[in-house]
Amino acid sequence: MARSAGADSSVERIAAPERRVLVIYNPMAGWRFRRRLRAVLGHLADAGCVVTVRRTARRGDAEEFARNAIDEGWDVVAVAGGDGTINEAVNGLYGGQAPLALIPLGTTNVIAAEIGLSDDPRTVARTIAAGTVQDIHLGTANGRLFVMMAGVGFDARVVAAVPAWVKRVLGKGAYLLTILAGLWRFSRGAYRVTVDGETHSAASVVVANGRFYAGRHTVAPRARLDERLLYACLFLRPGPWRVVRYGLALLLGRLDGLADVLILPGERVSVEGPEGEPVQGDGDIIARVPATIALAEKTLRVVAPAAAPD
């Protein structure tokens, strides 16, 4: 990977004759993914792409790079990182024409799973170079965009409590440790959740735009990114043992069959509760309670794997 000359040492270029691809790379996604990124970049060069890599150094860089990319004429803006980095880039790209592509390097890669993208470097590069561009719907939480889900309650408290350095080192294990350490502290919530005018009480709520959660676990089976509809998943009962039960049902694919879980379709969800509590979106804290969660006005162009021929 040759580093380009110039004042910006965070920019790297790969010489290739055709498609212009900006890669926004979060090096904090973890050292274990660097070999995968190098392989993807090599395959992109082989496919005839001109690639520029911009490395993020702090929170907000991915959003700034993506926003600047709107006027820079890139054919594709690819994000090499986890769902949080993708979320930042989405907030920067929103309203522009450059399509978003993914190079999955994160802990769970839920967004990649939702569009059917594997982490195989050759497949990822082929998708960026020749995939299909699709429009997907987005959600907003107090005006901040998210792709897959927004959560209030237990999962948001866990996300807020996981130290970034622990997540880099342990990956999914960081969440498991935080869940175990906070099971009694984080599991007692009380929220007033209104879905398209219908109000319920809940211990936690996840508003899903896509069907997957925490990897390839299904939280809202009917949710689709190409459908203009959200699904509010209400966990009705508080307490540590209820959280364990909900978690096991999620792992077994039986969450939607529990009597104390409501999954309600809607376009607008408001959540009231203790003021200032965190709202997680795509695995990062993006807002605070009270929260209004709704569909975004515009869609986002995303590069997805080409469908296999019949």
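The legends below describe close-up views of a predicted model.

**View 1. An open sheet of six strands with antiparallel pairing.** The strand order across this sheet is β8-β7-β20-β17-β10-β11. Its edges are formed by β8, residues 144-146, and β11, residues 198-202, each of which pairs on one side only. From one strand to the next, the twist averages 20°.

**View 2. The pairing of β10 with β17.** Strand β10 covers residues 191-195, and strand β17 covers residues 268-272. The two run antiparallel and are joined over four bridges. Within this pair, V193 faces V271 of β17. Both strands belong to the sheet of View 1, where β17 and β10 follow one another in the order.

**View 3. A second view of an open sheet, with strands in the order β16-β15-β12-β9-β18-β19.** This sheet has six strands, and the pairing is antiparallel. The edge strands are β16, spanning 261-266, and β19, spanning 284-288; each has a pairing partner on one side only. The twist averages 25° from one strand to the next.

**View 4. The pairing of β12 with β15.** Residues 204-208 make up β12, and residues 230-235 make up β15. Five bridges link the two strands in the antiparallel sense. V207 stands opposite A232, which lies in β15. In the sheet of View 3, β15 and β12 follow one another in the order.

**View 5. The charged end of R20 over the ring of W74.** What distance separates the charged end of R20 from the centre of the W74 ring? The separation is 4.3 Å.

**View 6. The charged end of R211 over the ring of F212.** Here the charged end of R211 sits 4.4 Å from the centre of the F212 ring. As for pairs between aromatic rings, the count is one, with ring centres required to lie within 6.5 Å.

**View 7. The second largest pocket and its lining.** The volume of this pocket is about 190 Å³. How many residues line the second largest pocket, and which lie nearest its centre? The lining consists of 15 residues, and those nearest the centre are P104, T108, N109, D119 and R216. Sorted by class, the lining has five nonpolar, six polar and four charged residues. Among the residues nearest the centre, P104 counts as nonpolar, while D119 and R216 count as charged. T108 and N109, also nearest the centre, count as polar.

Methods. Residues numbered from 1 in each chain as written. Predicted model: local features only at pLDDT ≥ 70, side-chain atom pairs only at ≥ 80, totals over all residues. Heavy atoms only, no water. Pairing = 2+ DSSP bridges. Axes fitted to C-alpha atoms, helices over the stretch in contact; angles between N-to-C directions. Phe/Tyr/Trp six-rings, centres within 6.5 Å; stacked < 30°, edge-to-face > 60°. Lys NZ or Arg CZ within 6 Å of the ring centre and 35° of its normal. 1 Å grid on protein atoms, 1.4 Å probe; cavity = no way out; pocket = protein on both sides within 12 Å on 5 of 7 lines; lining within 4 Å. Points joined across faces, edges and corners; volume = space filled by probe spheres on them.
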